[in-house]
Amino acid sequence: MSGGSLAFSGSVRGELRQAVLLVTIDNPPVNALSADVRAGLMAALDQVERSVEIRAMVITGAGKTFIGGADIREFGKPSVDPILPTVIERIEVFAKPVAAAINGAALGGGLELALACHHRIAAPVAQMGLPEVKLGIVPGAGGTQRLPRLAGIPAAIDLIGSGRSVKAAEASSLGIIDAVSKADLIETAIAAATALAGHDLRRTGSLAVPSAEPTDVEKARSKILKKVRGQQAPSEAIRLVEMATRAIAEGLADERDTFLRLRDSEQAAALRHVFFAERQASKVEGLDGIEPRPVETIGICGLGLMGSGIAVAALGAGYRVIGLDQTGEAAERGRQGIIALLERNLSSGRLDQAGFEAQTTRLSVTAQDLDLAPSDLVIEAVFDDLDVKVDLFRRLDRVLRPDAVLATNTSYLNPDEIAASTLHPERVLGLHFFSPAHVMRLLEVVRCGKTAPDVLATGLAVAKKLRKLAVVTGVTEGFIGNRIFSAYRREAEFLLEDGALPHEIDAALESYGFPMGLFAVYDMAGLEIAWARRKRQAAGRNPSERYVEIADRLCEAGRLGQKAGRGWYAYNPDGKRQLDPEVTAFIENCRAEKGITPCSFTAEEIVKRLLAAMSYEGRRLLDEDIASRESDIDLVMINGYGFPAQKGGPMFAAQTPR
Ligand code: T1G
C-alpha cells in the first residue's frame, strides 16, 4: 500500500504518509466509538503490526470532532467485541508508536483512547473531557486510571468528578497532552510519531501516579461532592481515581465493574434520557427549511435584574446590545449594573481583559426609543403589567423596522394580548428567561398564536447562540414551567391541610434530590407575588374547587418570606431557617376550620403525591398542545425548578417503576 487510502471498516480509513499510517475515524456526527469504529481500529492496528514499512500510526477524527465518546446509543444493548477497553489496551502496549492528533472534541472514550496513545497533540480549539458522570456512569475504558497518571489525582478528581471539559492549552498545562499544534496538526503528529519509532515508548498505564498532598485531594473531593446531591457516579469516580495508585490491572478491573454496574442503573437511564431530550428540544415541528432572520443587534427594554442579565448573556454571545430604560439616570444605572456583572466575569476568569473591553464596547444605553431603531430583535423585560408592555410595544412599532422581531419576557401575562397591540403581531414571540438570565440555561420560547415560523426560528437561533437550552411552549398562564410549578405548589398546600408540615415536605423533596424544598424556595422568592396573583384570581375562582387559605393567612400576618424575616419558616438575623410554631398553629387552625383530621405522611408518600401532581399537569399541557413532548417538560423542570436530573424529570419519573 503506498499513498492510497485503505478502508479498515465503514467508518475507519487509513492513508500511508511516509512510513506512518494515518488513521481517520469518520463516523458522523461525532465520530462515536461504535462497534464499526472499534473493529476498524483493530484492523488498522493489525495492518501496522504486520507491515515492515509502516513504522508508526496516527489516529485522528474527520470533521470538527476527534471522538465524541462511546456510542451512547449502544448502551443497554448486548456489547459487541472488541469492547473499547480491548482496543485501548492494545494501543497502549503496541510495539510501534501510536499518536493522537486531536483535531476537535475528545470526550469520554475518545479521550480515554488518546490517553493510551504514546503521544498526544491537539489543535488549539480541541476540548477534552471525561463527562461520563453527566450520564450517571464513570469512565469505563481506563480514564480513572490513566488520567491521574498524567495529570495527578487532584486534577483528575476535578475533571472526572465534574465532567467538565478543558481546552487544549489547559490540557497541556495539566500534562494531559504533550503539545498544542498551531501549525498543521496532522503533519506535526506524523513527525512526532516518526521520531518515536524505534525508541522506548511512554506507556501511560506504566507511569507512576504523581504524589499529591492529602489536603489537595480532600479539597478536590469536597468541591465535587458538595455539588452532586444524590448522584452515585461522582463519588464512585473519585474513589477509583484516589485508588489509582494500586496496580493498574486492579484499577482497570474495578473501574470496568463499576462502569457496568452504573451503566445499568436507574440514574444512568434517567441522565441518558436527559442527554437525548436536550438534543430533541431543538427539533421543532414545522421549521424545516425555515431560515431565521439575521440578528446582530439586540435591544433590551428594562435594565433591571432580568434585563441586565439578558444583556450580559447577549454581550457574551457576541451581540451588540442597546439598552433602554425610562430615564437617562435609570439607563445609566442599568449600564453600571451590566458592567458590574461583566467585571465579575473578568475577576472570576470567565472573561479576559480583551473580551471585557469588546463586550463593553458593544453596549450602549439610552432613554430614547428612537435609539433602538437599529435593533434586529428587541426583548422587553419591563414591569410585568399588561398596560406597560402594550404601551411599550406600540412605541416600538413606531421606531423599529417592520421585520425586527419583538420578544416579551413576561412570566404570567398573555403574550397574544401583547402581540395584538402591535401592527405586526406575526413578529412577536415570548422569550421567557429564568433569573439570573446570564446564568440559568433554560429559556422558554413562546410560540404565540400569530408568531411567524421564521420569527420562531429566529428565537431558537438566538437562544442557541446565547447557549441557552430552549424549549418551545404554547401560550398558557405560566407556560410550561410555572404552570407545573403552580400545580406542584397547590398539591403541597393540600398536603399541609391534610396533615403534613412544611419542613416534612421540604425534607422529603430534598431526600428525593431537590437542592431545596418547596417551602424554603417559596420563602426565598417571597410569598407576595403568588399572593397578589391569588387575590387577582379570587373573583373568578371556582367555589367547588379545593382552595387552601394557609398561604393567604401567612401573608395577611405579614409573613412574606425570608426578606420579611418570616414566612413558612422563621429566619434568625444571619438568615438561618428555623421551624416556627406560629406557622404550625396557622396550619392547624385552617385544618380545624375545615374539619380536617390530619394524617401523617411518609417522605415517599409526599414525593409520590407531588410527582403525580406534576406529571398530571404535564399530561394536560401535552393534551392542550402547549408542550410538544414529555421530554421537553422534563427539561423545563430540571433546568428551571431544581428537579433532580438523575431522576429524569417528572414525566420520566412517572414512567419509572418506584
Ligand atoms: N453517542 C451517540 N450519539 C451522540 C453522542 C454519543 N457519544 N454524542 C452526540 N451524539 C449525537 C446527538 O444525540 C445528536 O444526535 C448528534 O450526535 C449531534 O450531537 C467508555 C462509556 C460531541 C460535544 O458524553 O457532548 O464515552 O440529535 O447536537 O453540539 O468511558 O455531542 O442529531 O440525532 O450534541 O456538535 C461520553 C456527548 C460518552 C459526549 C458535539 N461522551 N456528546 O456537540 O452536537 S460515554 C459524551 C457531546 C463514554 C467511556 C464512556 C456533544 C459533542 P441527533 P450534538 P454538537
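## Shell around the ligand

Helix H11 contributes three residues to the shell around the ligand, the largest share. The model described here is predicted. H11 spans residues 266-281, and helix H3, residues 109-116, is likewise a source of at least two shell residues.

The ligand is surrounded by 27 residues, of which Lys64, Glu112, Glu132, Arg279 and Lys283 come nearest. Sorted by class, the shell comprises 14 nonpolar, seven charged and six polar residues.

## Backbone contacts and burial of the ligand

Polar backbone atoms of several residues approach the ligand. At Ala70, such an atom is 2.8 Å from a ligand oxygen atom. For Gly140, the distance from a backbone N or O atom to an oxygen atom of the ligand is 2.9 Å. Gly68 places a backbone N or O atom 3.0 Å from a nitrogen atom of the ligand.

The ligand taken alone exposes 1,000 Å², and 78% of that area is buried by the protein.

## Strand S8 and its partners

Strand S8 covers residues 119-122 and is enclosed on both faces. His119 and Ile121 lie on one side, Arg120 and Ala122 on the other, and all four of these residues are buried.

S8 pairs in parallel with strand S6, residues 98-102, through four bridges. Within this pairing, Arg120 of S8 stands opposite Ala100. S8 also runs parallel to strand S11, residues 179-180, to which two bridges join it. There, Ala179 of S11 is the bridge partner of Ile121.

Methods:
Residues numbered from 1 in each chain as written. Predicted model: local features only at pLDDT ≥ 70, side-chain atom pairs only at ≥ 80, totals over all residues. Heavy atoms only, no water. Buried < 20%, exposed > 50% of the residue type's maximum accessible area, 1.4 Å probe, protein only. Pairing = 2+ DSSP bridges. Near = heavy atom within 4 Å. Polar contact = N/O pair within 3.5 Å; in protein donor to acceptor, adjacent residues only side chain to side chain. Areas by Shrake-Rupley, 256 points an atom, 1.4 Å probe, with all protein chains shown as cover. Nonpolar A, V, L, I, M, F, W, Y, C, P; charged D, E, K, R; others polar.
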